[in-house]
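Pull the model up in your viewer and let's walk through it together. We'll begin at the end of one helix and work outwards from there.

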Amino acid sequence: MDPQDLANCREIHAGLMAKERNTINYLFLEPVETTYFPEYLKVIKKPMDLRTLKENLEAGKYTAKEEFYADAQLIFDNAIAFNKDRDSKFVVDLAKRMIRAFDRLKKKTEAATAKKNGGDSASTAAAASTGGGTKKIKLKLKRNSSILSASSSTEEASSGTGGVAAPPNKKAKKVKLKLSLGKSTSKSESKSSRSNSPASTTPIVETVGEAPMNATRRAQCYKIVSSFKRRQPSNSKWFLKPISDPMIVKDYKEKISNPVDLGAITSKLDKNQYSTVAEFVLDLRRICSNCLQYNTTIDDSFRPIATDCLTTMEQLCKFFIGKNESPKIVYPRLVYCWEECLKVIDALLK
């Protein structure tokens, strides 16, 4: 491959991996786990991912930039082909957004190369046809590079707040709230035996068989945690560490019986302390449940953050664990009408 083309391909790959795209690229970073998705290779004939793409590029497997472009496009085409008729249709949207980002990066690097070289071959031909006078020829090769800025994420978090410290310096947005996990147990007509469980603050209505944690499921749990951080880079930072604000820590411990954070969950995965998948999912939900239970003022800006995070968590659990264990239910589902339940509870809070 031409050295300039190689440099451009590296720049494009770096752009696809950029921090500003953490919320859309997280499902394309590593190869698909085919042991967990056994049907994947029946649908997709040539798997590809961003890590493999980089390895191929550095190993000199691409003799022309077009080959690199084709494999990069294949990553997202595969995602669309595999997920378009499944429950995980949100992956299709992520893939389409990555395709648009890839096209912009490709145009930017090619335009920059043409400018660096003083224009492409068209400028030379045009100059010759005029018999001189090349100073009057203007090639419109510039692209608006500003469109490369991907969806920005507001880095508003501070460590150790756990989603209950002083809210960000902005007016609480009137976000459509979706779930309250506080004391909603008394409002639900649960038929399960969860009433005596520490998880009683979470509106779970199904009793399921215990699904023991194993190496494969644990690997998927790690993916859920890392994908959540990448998809919610701003909001997740409120929940990375335990509550440490001295102004509220005592009150928080009195009101919240099962405090948990992303760091604690990762530590328990590292130490193999989850005996079942359901225990892992319960801890994830408790992060948001605790935030909603402590922040009960309707205008509190942490409530929409918690509900948004829970929505993302549920999508990731379903994608990485739930749908591939189907029809077996390996962790309890949230009550089907939890969105409406939240609206009712938030209305009462007013």
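Just after H6 comes glycine 118, with a positive phi near 80°. This is a predicted model, so keep the confidence colouring switched on while you look around.

H6 itself covers residues 90–116. Does its length add up? Let's put that properly: what should its 27 residues span at 1.5 Å a residue? The expected figure is 39 Å, and the C-alpha atoms at its two ends sit 39 Å apart, so the two agree.

Now look at what H6 packs against. Two packed helices are described by the angle between their axes and the distance between the axes. For H5 (residues 65–83) and H6, the axes come within 8 Å and cross at roughly 165°. That makes H5 roughly antiparallel to H6, because an angle over 145 degrees counts as such. The handedness of this crossing is left-handed.

Which residues do the meeting? On the H5 side you'll find Lys65, Tyr69, Ala72, Gln73, Phe76, Asp77, Ala79, Ile80 and Asn83, and across from them in H6 are Val91, Val92, Ala95, Lys96, Met98, Ile99, Phe102, Lys106 and Glu110. By class, this contact holds 11 nonpolar, 2 polar and 5 charged residues. If you're wondering about the spacing in lists like these, an α-helix has 3.6 residues a turn, so residues three or four places apart point the same way.

H5 has another partner in H4 (residues 50–58). Here the angle is about 170° and the axes are 10 Å apart, so H4 and H5 are roughly antiparallel to each other as well. Leu50, Leu53, Asn56 and Leu57 are the H4 residues involved, and they meet Phe68, Asp71, Ala72 and Ile75 of H5. The tally for this contact is 6 nonpolar, 1 polar and 1 charged. Notice that Ala72 turns up here and also in the contact of H5 with H6.

Keep H4 selected and bring in H1 (residues 3–16). The axes of H1 and H4 come within 11 Å and cross at roughly 165°, so this pair, too, is roughly antiparallel. Their crossing is left-handed. From H1, Leu6, Cys9, Arg10, His13 and Leu16 meet Leu50, Leu53, Lys54, Leu57 and Glu58 in H4. That contact sorts into 6 nonpolar, 1 polar and 3 charged residues. Leu50, Leu53 and Leu57 of H4 take part here and in the contact with H5.

Further along the chain, alanine 278 is worth a stop; it lies in helix H11 (residues 277–294). Its C-alpha atom is 9.7 Å from that of isoleucine 329, although the two are 51 residues apart along the chain. Setting aside neighbours within four places in sequence, alanine 278 is in contact with Val330, Tyr331 and Pro332.

How far does the confidence go? The protein averages a pLDDT of 75, and 72% of its residues score at least 70. Among the elements, H4 has the highest mean pLDDT, at 94, while helix H7 (residues 121–129) has the lowest, at 45. Residues 121–161 have a pLDDT below 50, and beyond near neighbours in sequence this stretch has 55 contacts in the model. Residues 164–209 are below 50 too, with 100 such contacts.

Methods:
Residues are numbered from 1 along each chain as its sequence is written. This is a predicted model: local features need pLDDT of at least 70, side-chain atom pairs count only at pLDDT 80 or more; totals for chains, interfaces and linings use all residues. Side-chain values use heavy atoms; hydrogens and water are left out. pLDDT is the predictor's confidence in each residue, from 0 to 100. Helices (H or I, at least four residues) and strands (E, at least two) are DSSP runs, numbered from the N terminus. Contact means heavy atoms within 4.5 Å. Axes are lines fitted to C-alpha atoms, for helices over the stretch in contact, and angles run from 0 to 180 degrees between N-to-C directions. Angles under 35 degrees count as roughly parallel, over 145 as roughly antiparallel, 65 to 115 as roughly perpendicular and the rest as oblique. A crossing is left-handed if the near helix is turned anticlockwise from the far one by less than a right angle, and right-handed if clockwise. Ala, Val, Leu, Ile, Met, Phe, Trp, Tyr, Cys and Pro count as nonpolar, Asp, Glu, Lys and Arg as charged, and the others, Gly among them, as polar. The expected span of a helix is 1.5 Å times one less than its number of residues.
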